[in-house]
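Student: I'd like to learn how to read burial and packing from a structure. Could we go through some features together?
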Amino acid sequence: QSVAPHDFAGLAQILKDGKFSDLTIDLGHLSGPGPVGHVVPIRAHRVVLASASDVLRAQLEGTFGDDKDCWQPDCGSFGAWRWIISWIYGNVEPLPWDLLVEILVVADRFGIQALVSAIMDLDVSSKAEEILEQFLDAFALPEVVAKLATRCLPQVVLSNSLWKRVASAQFSNVVLVVKHLRLTPLDEVLDPKLAEECRLRLLGESFKDKENVAMPDCFIDAIRWEVFPSQTLKAAFFGDLRYFEELLGRPWQRTERMNKVLVDALARRCERLETRLDVMKVRRPQAGLFAKFLEKGLDVKISLSTQLSCMARAPLHVLLQPTRKVFGTLSQTEDDLPWIEISCPEVLVRASAVGLQHGWSDNGHRCRAFVVEARQCPSQGQEATSWRPLLQMERLLLDEGEVIQIPSDGTDGQEAEVFNNFRVRMTGRTTAYTWHLMLSWFEIFGKVMTYNGMNDGIRI
């Protein structure tokens, strides 16, 4: 893919000719990839480089930095800098995928925000494994690299050959990769606790050759500690680390930072328990509008952004039955959020509540952040209205299901908005840190305002 060039398009020829230059950029001291032998310096222009970044401006101004005629960047490779400089001058040469992470790190370090934003907007899903290799070799791991890792690493499935490569990298780089790496095929799910146990084993294995060296605290960042039982976390806080040491395969020296992480994990578990207690008073599942529309023979449609392979033979209308089952999407991405949708073009409904139920056979991959949206979807080819949020929540879906009231918009009767197309869309990762949207049951409750063109006002 191409990355849109900097606004200085048209200066590429001036860079190539070296005319009017007042600065030499010496890249000969940098590592490859680059030409073998003597590296010809680049003749550039201070004003152009300074306009691309405040950091470069400070580097090139006499009062703050290097006011000499020659400038030597202190990090990055020849290939990365050659491309970045060319991009600043408006060159439209495609981004070299094998240098993507390094170019991102250099651009972030030198404050070239337009380039950082352009790279972060790229679709990297098809290059995930190739980019993983670059994460392992990165000379720095700023926040923007971690953000990129959350987008592409969950697309890569761990294999034995891949793990040999991961385990040989710098430990801080290993931590970044292990935190986001997928441990099972894309259409399979893994219990959250088992997943984090696996990550601890992987981290311990990558550090096994350093028996006399304490593991750096950075490994803490790769684990979601709140998935472990409260008793296990409590024991670790009071000094009994045997459970975690067995997983790591080595002694573990507890630090003040780890104590804070353990307390935070216990607090998260308490918050989840309180949330579950708070919703105990909510109405229990029952037949809703769309189940009754289906009984009347109306055209009820159910669709998903993606679909688990194990659902291939199951009729999608089982979603309207409040029973525990495996039903949901594949794990998608933050840039392609999963959704599940129900519609019936023959009716218009004023919704007052929504029914939802966790859709996996155990505690895994539980949705904890979602929005319920609605729109009118006409039956005769007119354009649908835009999606309108009805309910936005950050709380766990329950195994037994629940009916959640939709906040009132202050209107009543015929003046209230009516819809016939509803969807649940995830807005945050599951408890297993994936983008599976797993729903056993999705229903709408309220008042039918229009049925086959007639204003019935029937409540179901």
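Student: Does Arg 423 count as buried or exposed, and at what relative accessibility?

Tutor: Happy to help, and keep in mind that this is a predicted model. The idea is to compare relative accessibility with a cut-off: buried means under 20%. Arg 423 has 13% relative accessibility, so Arg 423 counts as buried. You will find Arg 423 in strand S10, residues 421-426.

Student: Which side chain does Arg 423 join through a polar contact?

Tutor: That of Glu 373, at 2.6 Å. Beyond its neighbours within four places in sequence, Arg 423 also touches other residues, including Trp 339, Trp 387 and Phe 442.

Student: Now a helix. How many residues of H5 are buried?

Tutor: For a helix, count residue by residue. In H5, residues 100-109, 8 of the 10 are buried, so the helix is mostly covered. Among them are Leu 100, Glu 102 and Ala 107. The buried residues pack against helices H4, H6, H7 and H8. After H5 comes Gly 111, with a positive phi near 65°.

Student: How do the axes of H7 and H8 cross?

Tutor: Look at the angle between their directions, where over 145 degrees counts as roughly antiparallel. The H7 and H8 axes come within 10 Å and cross at roughly 150°, and the two helices are therefore roughly antiparallel. Their crossing is left-handed.

Student: Which residues meet there?

Tutor: From H7, Ala 128, Ile 131 and Phe 135 meet Val 145, Leu 148, Ala 149 and Cys 152 of H8. By class, that contact has 7 nonpolar, no polar and no charged residues.

Note on methods: Residues are numbered from 1 along each chain as its sequence is written. This is a predicted model: local features need pLDDT of at least 70, side-chain atom pairs count only at pLDDT 80 or more; totals for chains, interfaces and linings use all residues. Side-chain values use heavy atoms; hydrogens and water are left out. Buried means under 20% relative accessible area, exposed over 50%, partly exposed in between (1.4 Å probe, protein chains only). Helices (H or I, at least four residues) and strands (E, at least two) are DSSP runs, numbered from the N terminus. Contact means heavy atoms within 4.5 Å. A polar contact is a pair of N or O atoms within 3.5 Å; within protein, one must be able to donate a hydrogen and the other to accept it, and residues adjacent in sequence count only if both atoms are side-chain atoms. Axes are lines fitted to C-alpha atoms, for helices over the stretch in contact, and angles run from 0 to 180 degrees between N-to-C directions. Angles under 35 degrees count as roughly parallel, over 145 as roughly antiparallel, 65 to 115 as roughly perpendicular and the rest as oblique. A crossing is left-handed if the near helix is turned anticlockwise from the far one by less than a right angle, and right-handed if clockwise. Ala, Val, Leu, Ile, Met, Phe, Trp, Tyr, Cys and Pro count as nonpolar, Asp, Glu, Lys and Arg as charged, and the others, Gly among them, as polar.
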